[in-house]
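Visitor: I should like to look closely at one part of this structure, namely the surroundings of the ligand. Please describe that part in a connected account, together with the pockets and the cysteines.

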Amino acid sequence: MLMRFRRLFLVFILLLPTGTGNTLAQSLREQADKRKLLIGAAVNPGRFSEAPYAETLAREFNMVEAENVMKWGGIRPAQDKFNFGPGDQVVAFAVAHKMKVRGHCLLWSEYNPAWLAKGSFTPEQLSKLLEEHITTVMKHYSGKVFAWDVVNESFLANGKIEPSIWYDSPGIGLAEKGTAYVEQAFRWARAADPKALLFYNDYDTEGLNPKSDAVYEMAKDFKKRGVPIDGVGIQAHIIDLDMAGISSLAANMKRLTALGLQVHITEMDVGLRLEKTGALMDQADLDRQAEIYRFVATVCVQEPGCAAFMTWGFTDKYSWIPGYTKGAKGKALLFDQAYAPKPAYRALREVLAR
Ligand code: G3I
């Protein structure tokens, strides 16, 4: 009798939730699943062999996106060669762990291979190349990638179109015609994979400003004229611990979703000031960072059209920020270099638990 009681007690203890409460013991992924929200991270398949990288990713997220390997610079090493291997690894990881895959990206002015960026193509040749690229890549990943950033970062801060190989230098034959080249890319994308969701994605478009106004006007025009667009990606790379630029995020999101579009937060990170040694300048910045994550996630969960929340990487061990800022900023993500959760992680979990 005593033995049975002990065994029952043991089972009871093992079933008790850990942490401060049942919901807080759950991963981001479990909580997001309950809300039918996609929670994702940008990944590098070269790291999947690192156990804590793979374990953390599979435990905490239900969506992945390739940080670089599906871009032209990763997937198209030569004009007549596609390198699908690394992208396929991202898909295989997602299948193995029942995650969704977001695709990034089919048209961008940056990270294009040298043969393309430094080649001399006529607009007709570039147009053919782009159509072929969008078609080949989307068909390869059809049924595997559920949503694509078809076009990435086309606008300048003032809302004008950024000069680029695809727009006007020399462009695909639609130079000086505003967003016509973006429209063309979306039309090719819909034809290539009619089931994939098609997104326009940009940075510094969190709040209401000339750039987010331009994105909104383009999206409104596309919807009005039946140009196939399903959503807008708001990157949310936050470089200052300052809410000023993002305080109107909810209003911006609302006007986009009112058009019948989805919104995804696509690349969130919050870079913190670092000493030359790489240490944090101010420990309290971790809490400020957490509040910014909390704010953006709260706006997203309160807006029914915000279907996904993604961070640009997930461990401070691997993030583009220190390289880009020459070491001035870093520690921008949810997990530290040793994969321990940070205050930002806990803030996000609290938002999802509500
Ligand atoms: O893979 C090569 C490596 O072989 C070489 O030795 C090394 C030397 O520089 O470069 C490596 O490639 C780098 C690549 O990241 C992989 O680490 C490129 O130089 C570097 O330019 C590239 O940077 C990426 C950048 O996009 C350009 O593609 C960043 O990792 C990536 O985080 C960043 O992501 C962008 C989004 O796509 C769009 N929104 C903004 C975001 C941040 O810039």
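Guide: The account that follows begins with the ligand and then turns to the pockets and the cysteines. Please keep in mind throughout that this is a predicted model.

The ligand is surrounded by 13 residues. Among them, the closest are Glu67, Lys71, His104, Glu153 and Glu267. Sorted by class, this shell comprises four nonpolar, five polar and four charged residues.

Several side chains place polar atoms within a short list of distances that can be stated individually. In the case of Lys71, a polar side-chain atom is 2.7 Å from an oxygen atom of the ligand. For His104, the distance from a polar side-chain atom to an oxygen atom of the ligand is 2.7 Å. Asn68 also takes part: an N or O atom in its side chain lies 2.9 Å from an oxygen atom of the ligand. On its own, the ligand has 790 Å² of accessible area, and the protein covers 48% of that area.

We may now consider the pockets, beginning with the largest. The largest pocket holds about 550 Å³ of space, and 20 residues line it. Those nearest its centre are Trp108, Glu153, His237, Trp320 and Tyr324. One of these, Glu153, has already appeared among the residues closest to the ligand. The lining of the largest pocket consists of seven nonpolar, six polar and seven charged residues.

The second largest pocket contains about 230 Å³ of space. Its lining includes Asp204, Glu206, Gly207 and Asn209, and also His237, Ile238, Ile239 and Asp240. Thus His237 belongs to the lining of the second largest pocket and is also one of the residues nearest the centre of the largest pocket. In the second largest pocket, the lining divides into four nonpolar, four polar and four charged residues.

Finally, we come to the cysteines. A disulfide is a covalent bond between the sulfur atoms of two cysteines. The structure holds one disulfide, formed by Cys300 and Cys306, whose sulfur atoms are 2.1 Å apart. The link between Cys300 and Cys306 is left-handed, with -90° about the S-S bond.

Are these cysteines buried or exposed? The cut-off for a buried residue is a relative accessible area under 20%. Cys300 has a relative accessible area of 1%, and it is therefore buried. Cys306 is likewise buried, because its relative accessible area is 5%. Another cysteine, Cys105, has a relative accessible area of 2%, so Cys105 is buried as well.

Definitions and conventions: Residues numbered from 1 in each chain as written. Predicted model: local features only at pLDDT ≥ 70, side-chain atom pairs only at ≥ 80, totals over all residues. Heavy atoms only, no water. 1 Å grid on protein atoms, 1.4 Å probe; cavity = no way out; pocket = protein on both sides within 12 Å on 5 of 7 lines; lining within 4 Å. Points joined across faces, edges and corners; volume = space filled by probe spheres on them. Nonpolar A, V, L, I, M, F, W, Y, C, P; charged D, E, K, R; others polar. Near = heavy atom within 4 Å. Polar contact = N/O pair within 3.5 Å; in protein donor to acceptor, adjacent residues only side chain to side chain. Areas by Shrake-Rupley, 256 points an atom, 1.4 Å probe, with all protein chains shown as cover. Disulfide = S-S within 2.5 Å. Buried < 20%, exposed > 50% of the residue type's maximum accessible area, 1.4 Å probe, protein only.
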